[in-house]
Amino acid sequence: MPQYDLPLQELRAYAPDLPVPADLDQFWSTTLAEARTHDLAVTFAPVDSGLTVIETFDVTYAGFGGAAIRGWLHLPTDRHGPLPAVVEYVGYGGGRGLAHERVLWAAAGYAHFVMDTRGQGSTWAVGATPDREAGGDPAHPGFMTQGILDPARFYYRRLITDAVRAIEAARSHPAVDPERVAVTGGSQGGGLALAAASLVEGLVGAMPDVPFLCDFPRAITLKDTDPYAEISRYLKAHRDHVEQVFATLAYFDMAILDRRASAPALFSVGLMDEICPPSTVYAAYNRYGGPKEIVEYPFNDHEGGQGFHDVVKMRWLAKRLAG
């Protein structure tokens, strides 16, 4: 596949001036304040994952609306004192998976919290968290137009709130050092990592890979691949909803929201990405509010750097913690 997007030098400078909702800060502060009226009610139940050097807990905590959100907490069995932690968010359509499937950060010596994705987990990795506001168990996509005419009802308001509360849940465990928590994820998970970095204070780092939820106006009109194409297909039918849809999406666009972030960030981008166009990743990167770096993979699609980039991230985070 070709490098179809802007030339690299233009990508590195691409920083669209997207309209910012006047009440953006109030919207998110009110949303999170409402979520915190519910007790976090976090529980950690030991499970037998079959792994002998990693201890795993089945986590439940209260997310948006007090809904019970699931997750895994993985801890290295050989540990001394509170550990730095990595909270990981999952890509579109996937859930937290089976207990042994996502353990990289625990194998590297960290506490590793994997958040399940409400309503998702029926495409490439199983999930266990229903989205009761949408009235259903984990389902096949799509989710992009659920409640899209009203920011208060949009699916990603719930999911981003869950992502913030996941950090609170991870910080509550006695094996976790609450002052040394980082966030990561790929695609949708990368977008959630950016959202968390924009809404949570005191993170030591954010590591978004090929992030989704960035520069909606460009993404929706540039690509006809899902998940962004779910929105364009919706607008093809609902010709009278264009203005309202874009007004809603502005509250959840990381090229707008992540200007509020302050934690150091390590981005990655695939320059042949057919799912999240490179320009949309750079839209978020170039507007990001904190110190930042980006690693470019010129010949990769949405898989990005995969194992090669895992090594980059482990070295980057170790350096942040040492410094």
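**Exercise 1. The covered helix**

Which residues of helix α10 are buried, and what covers them?

*Step 1.* Locate the helix: α10 spans residues 278-287. Helices here are DSSP runs (H or I, at least four residues), strands are runs of E with at least two, and both are numbered from the N terminus. The model is a predicted one, in which local features need pLDDT of at least 70 and side-chain atom pairs count only at pLDDT 80 or more, while totals for chains, interfaces and linings use all residues. Residues are numbered from 1 along each chain as its sequence is written, and side-chain values use heavy atoms, with hydrogens and water left out.

*Step 2.* Apply the cut-offs: buried means under 20% relative accessible area, exposed means over 50%, and partly exposed lies in between (1.4 Å probe, protein chains only). Eight of the 10 residues of α10 are buried. They are Pro278, Ser279, Thr280, Val281, Tyr282, Ala283, Ala284 and Tyr285.

*Step 3.* Look for the cover. It includes the helices α1 (8-13), α5, α6 (216-222) and α9 (254-257), along with the strands β8 and β9.

**Exercise 2. Reading the sheet**

In what order do the nine strands of the open sheet lie, and which are the edge strands?

*Step 1.* Recall how strands join: they pair through backbone hydrogen bonds, either parallel or antiparallel. Two strands count as paired if DSSP finds at least two bridges between them.

*Step 2.* Follow the order, which is β1-β2-β3-β5-β4-β6-β7-β8-β9, with mixed pairing. The edge strands are β1 (43-47) and β9 (292-297), each pairing on one side only. From one strand to the next, the twist averages 20 degrees.

*Step 3.* Check both ends. Strands β1 and β2 run antiparallel and are joined by five bridges. In their hairpin, six residues sit between the strands, and Gly50 takes a positive phi near 90 degrees. At the other end, β8 (residues 265-270) and β9 pair in the parallel sense over six bridges, and Val269 has Glu296 of β9 as its bridge partner.

**Exercise 3. Two residues of β2**

Are Asp58 and Thr60 buried or partly exposed?

*Step 1.* Place Asp58 in strand β2 (residues 54-62). Thr60 lies in β2 too.

*Step 2.* Compare each value with the cut-offs. Asp58 counts as buried because its relative accessibility is 15%. Thr60 has a relative accessible area of 22%, so Thr60 is partly exposed.

*Step 3.* Find the surroundings of Asp58. Ala45 stands opposite Asp58. The side chain of Asp58 also makes a polar contact of 2.9 Å with the side chain of Arg96. A polar contact is a pair of N or O atoms within 3.5 Å; within protein, one must be able to donate a hydrogen and the other to accept it, and residues adjacent in sequence count only if both atoms are side-chain atoms.

*Step 4.* Do likewise for Thr60, with contact meaning heavy atoms within 4.5 Å. Leaving out residues up to four places away in sequence, Thr60 touches Ala41, Val42, Thr43, Ala68, Ile69 and Arg70.

**Exercise 4. A histidine in β5**

Which side chain makes a polar contact with that of His112?

*Step 1.* Find His112 in strand β5. With a relative accessible area of 0%, His112 is buried.

*Step 2.* Search its contacts beyond four places in sequence; among them are Trp72, His74, Glu88 and Trp105.

*Step 3.* Pick out the polar one: the side chains of His112 and Glu88 are joined at 2.7 Å.

**Exercise 5. Two packed helices**

How do α7 and α8 pack, and which residues make the contact?

*Step 1.* Read the geometry. Helix α7 (residues 228-237) and helix α8 (residues 242-249) pack at about 155 degrees, with axes 10 Å apart. Axes are lines fitted to C-alpha atoms, for helices over the stretch in contact, and angles run from 0 to 180 degrees between N-to-C directions.

*Step 2.* Classify the angle: α7 is therefore roughly antiparallel to α8. The classes are under 35 degrees for roughly parallel, over 145 for roughly antiparallel, 65 to 115 for roughly perpendicular, and oblique for the rest.

*Step 3.* List the partners: Ile231, Tyr234 and Leu235 of α7 meet Val242, Val245, Phe246 and Leu249 of α8.
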